[in-house]
Amino acid sequence: GHIEFRIDLFRRGDVIGLAFGSDGADRVIGLLTGNGTGKSIVDSARFKAAYAAISKRVTPEDMVMFVDIRRVMGDVRGMIDKATADQKDDPEAIKWRGVIFKAMEMLDVMDYSVTAMATDGQQEKTYALMKLQDGKSDLALAKLCVGARPIEKFNQFIPVDATNFSAGGAI
């Protein structure tokens with residue numbers, strides 16, 4: 001089998017978009033221009049919950065990015081199903097499909113990610129939040145993500161002649 005996979009990068013006014021799928025960009029541009037059909041992702045309960053959670057940390061002024069990780073993982077599974085549909089009798093293909101799905105099962109712990117940015121004087125503040133899927137907190141990757149400690153003394157790792165840096169951690 002084969003997979004039809006399309007990625008579109010587009011700009012409409014001050015919105016820059018990256019859309020996946022055969023009609024992703026067309027649907028987004030339709031919604032941006034008021035000519036679209038269907039609902040916007042910002043109307044979903046999941047986006048509203050993510051936006052409310054990140055808004056407790058920062059008022060999103062300069063940028064908001066939402067990724068429905070659970071949906072992306074589902075879409076990837078669907079693409080693999082389509083690509084391997086005609087290989088149901090091939091033992092080697094069945095084995096590798098199983099390996100891929102087992103690996104995806106181990107990685108599929110995040111529900112969504114939301115990032116917001118705001119400018120405060122001369123500082124640009126960025127906050128990111130990732131939500132675990134319900135019932136996945138006992139999986140190894142989830143424990144690794146949730147069990148991380150804040151970065152301490154990050155400045156000791158930055159060379160004196162560095163022109164910029166970024167430090168991040170999860171708590």
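**View 1. R77 in this predicted model is partly exposed, with a relative accessible area of 24%.** That 24% is above the cut-off, since buried means under 20% relative accessible area. You'll find R77 in helix α3. Setting aside residues up to four places away in sequence, R77 touches F101, M104 and D108. F47 makes a handy distance marker here: F47 and R77 are 30 residues apart along the chain, and their C-alpha atoms are separated by 22 Å.

**View 2. Here's the largest pocket, with a volume of about 2000 Å³.** The pocket is lined by 44 residues, and the closest to its centre are L18, A19, F20, V28 and I41. Several elements each give two or more residues to this lining: β2 (15-20), α1 (24-33), α2 (45-55), β3 and α3 (69-84). Helix α3, the home of R77, supplies the largest share of the lining, namely seven residues. As for chemistry, the lining of this pocket splits into 22 nonpolar, ten polar and twelve charged residues.

**View 3. Zooming in on α2, we pick out R46, F47, A50 and I54, which are buried.** Looking down the axis of α2, the buried residues fall within an arc of 95°, so they line one face of the helix. What do the buried residues of α2 pack against? Their partners are β3, α3, β4 and β5. Helix α2 also turns up in View 2, as one of the elements giving two or more residues to the lining of the largest pocket.

**View 4. Strand β4 (residues 110-120) has nine of its eleven residues buried, so it is largely enclosed by the rest of the structure.** One of its partners is strand β3 (residues 63-67), which pairs with β4 in the antiparallel sense over five bridges. To get your bearings in that pairing, look for M63, which stands opposite M117 in β4. Strand β5 (residues 123-132) also runs antiparallel to β4, and ten bridges join the two.

**View 5. This close-up follows β4 and β5 around their hairpin, which has two residues between the strands.** In the turn sits G121, with a positive phi of about 65°. Two pairs are worth finding along the ladder. The bridge partner of S113 is M130 in β5, and A116 has Y127 in β5 as its bridge partner.

**View 6. T115 lies in strand β4, and here we look at what surrounds it.** Is T115 buried or exposed? At 10% relative accessibility, T115 counts as buried, because the cut-off for buried is under 20%. Leaving aside neighbours within four places in sequence, T115 is in contact with M63, V64, M65, T126, Y127 and A128. Two of those names have come up already: M63 stands opposite M117, while Y127 is the bridge partner of A116.

**View 7. Next up is D8, which lies in strand β1 (residues 7-12).** D8 has 17% relative accessibility, so it counts as buried. Which residues does D8 touch, not counting those up to four places away in sequence? They are G17, L18, A19, G21 and A25. Of these, L18 and A19 should look familiar from View 2, as they are among the residues closest to the centre of the largest pocket. A25 is 17 residues from D8 in sequence, but the two are 6.1 Å apart in space, C-alpha to C-alpha.

**View 8. We finish with A167, in the segment after α5 (140-146).** With 44% relative accessibility, A167 counts as partly exposed. Not counting residues up to four places away in sequence, A167 touches I151 and F154. I151 is 16 residues away from A167 along the chain, and their C-alpha atoms are separated by 7.7 Å.

Technical notes. Residues numbered from 1 in each chain as written. Predicted model: local features only at pLDDT ≥ 70, side-chain atom pairs only at ≥ 80, totals over all residues. Heavy atoms only, no water. Buried < 20%, exposed > 50% of the residue type's maximum accessible area, 1.4 Å probe, protein only. Helix = DSSP H or I, 4+ residues; strand = E, 2+ residues; numbered from the N terminus. Pairing = 2+ DSSP bridges. 1 Å grid on protein atoms, 1.4 Å probe; cavity = no way out; pocket = protein on both sides within 12 Å on 5 of 7 lines; lining within 4 Å. Points joined across faces, edges and corners; volume = space filled by probe spheres on them. Nonpolar A, V, L, I, M, F, W, Y, C, P; charged D, E, K, R; others polar. Arc of directions from axis to C-beta. Contact = heavy atoms within 4.5 Å.
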